[in-house]
Amino acid sequence: MQMPDAKTPLKIGTRGSPLALAQAREARSRLIAAHGLDEDACEIVVIKTSGDDRALIAADRPLKEIGNKGLFTKEIEEALLAGAIDIAVHSMKDMPVDQPAPLVLDCYLPREDVRDAFVSRSVARIADLPEGAVVGSSSLRRRAQVANLRPDLRLVEFRGNVQTRLRKLDDGLAAATFLAMAGLNRLGMAAVAQSAIAPEVMLPAVAQGAIGIERRADDGRAEALLAAIHDVATGARLAAERAFLATLDGSCETPIAGLAELDGDTIWLRGEILRPDGSEVIRGERRSAVADGAEAGADLARALLARGGPGFFDWRGRS
């Protein structure tokens, strides 16, 4: 196998946000360390996606109105298919569960903190917010969970990268918002969080805190390079969580939370589905052998759907 070098570098595709670039640099550093490469053997290529459109971010339009999760991946995957890049680095919670056939997603970096961060300039916890306070979030999952915990709060759309959302908070558009602790940690901005929210209070999004690296199925060089930095434990956890998500829905139109954790040879999966207004939450869990994690994820999803009944997702697709 010809190793990447300055003349034929491995091209790493990513979005251009500070967090996306931090994730791409982490992947690059791990590849360089694993294979003893020179610094210039891996090149980061920034690709603008539909989800990065400033007008859409400023308008705070819900994702379901403008294209769902594919907004953050479509142009990057097109570049990968065209050979303009060799691999693509993604936040796994942004990734649709259906992979385009010629592409493979089988490399995950060690997972970061899975918890949500509570961010406010005035109070330390959700419980401390005054009655009727405005809370900003673009996540259907977080909005539904907050509505269930604090139905008195007023929820507004809040899109953009970490820096954009903090600026909106400083401008007084909301009293609080939520970010992922993983992103803040990767940006060296953990102090921005007033507190980290325990999964028992707010179960995180499926695959939150995980970085995935996508490649072309027929690219043997990329496959060999990535195999050396794949984190097996993260892969096992995401197999269960993404099977749970795929069986339920997999789009941005459904408030879904899920978290798999390892305990030796056992995997513990918790999941929940919610109505968007937070009026109903259906929770469940499964424990299984790690090797059976995906099967356990699908089984838990079917059980929650059965408990929700035929009308639980009737609101899907409605504005």
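This briefing covers a sheet, a helix that lies across it, and a few side-chain contacts. The model is predicted. Its open sheet has five strands with mixed pairing. Helix α6 lies across two strands, β5 and β8. K168 belongs to helix α6, and its charged end sits over the ring of F158.

**Sheet**
- The strand order is β7-β6-β8-β5-β9.
- β7 (154-156) and β9 (195-197) are the edge strands, and each pairs on one side only.
- From one strand to the next, the twist averages 30 degrees.
- Strands of a sheet pair through backbone hydrogen bonds, either parallel or antiparallel.
- β6 (residues 134-136) and β8 (residues 176-180) pair in the parallel sense, over two bridges.
- V135 has A176 as its bridge partner in β8.

**Helix on the sheet**
- Helix α6 spans residues 162-170.
- The strands it lies across are β5 (116-120) and β8.
- Relative to β8, helix α6 runs at about 165 degrees.

**K168**
- K168 has its place in helix α6.
- Its relative accessible area is 10%, under the 20% cut-off, so K168 counts as buried.
- The charged end of K168 is 5.8 Å from the centre of the F158 ring.
- K168 and Q194 are 26 residues apart along the chain, and their C-alpha atoms are separated by 17 Å.

**Rings and charges**
- R270 lies over the face of W268, 4.1 Å from the ring centre.
- The structure holds one aromatic pair.

Notes:
Residues numbered from 1 in each chain as written. Predicted model: local features only at pLDDT ≥ 70, side-chain atom pairs only at ≥ 80, totals over all residues. Heavy atoms only, no water. Pairing = 2+ DSSP bridges. Helix = DSSP H or I, 4+ residues; strand = E, 2+ residues; numbered from the N terminus. Axes fitted to C-alpha atoms, helices over the stretch in contact; angles between N-to-C directions. Contact = heavy atoms within 4.5 Å. Phe/Tyr/Trp six-rings, centres within 6.5 Å; stacked < 30°, edge-to-face > 60°. Lys NZ or Arg CZ within 6 Å of the ring centre and 35° of its normal. Buried < 20%, exposed > 50% of the residue type's maximum accessible area, 1.4 Å probe, protein only.
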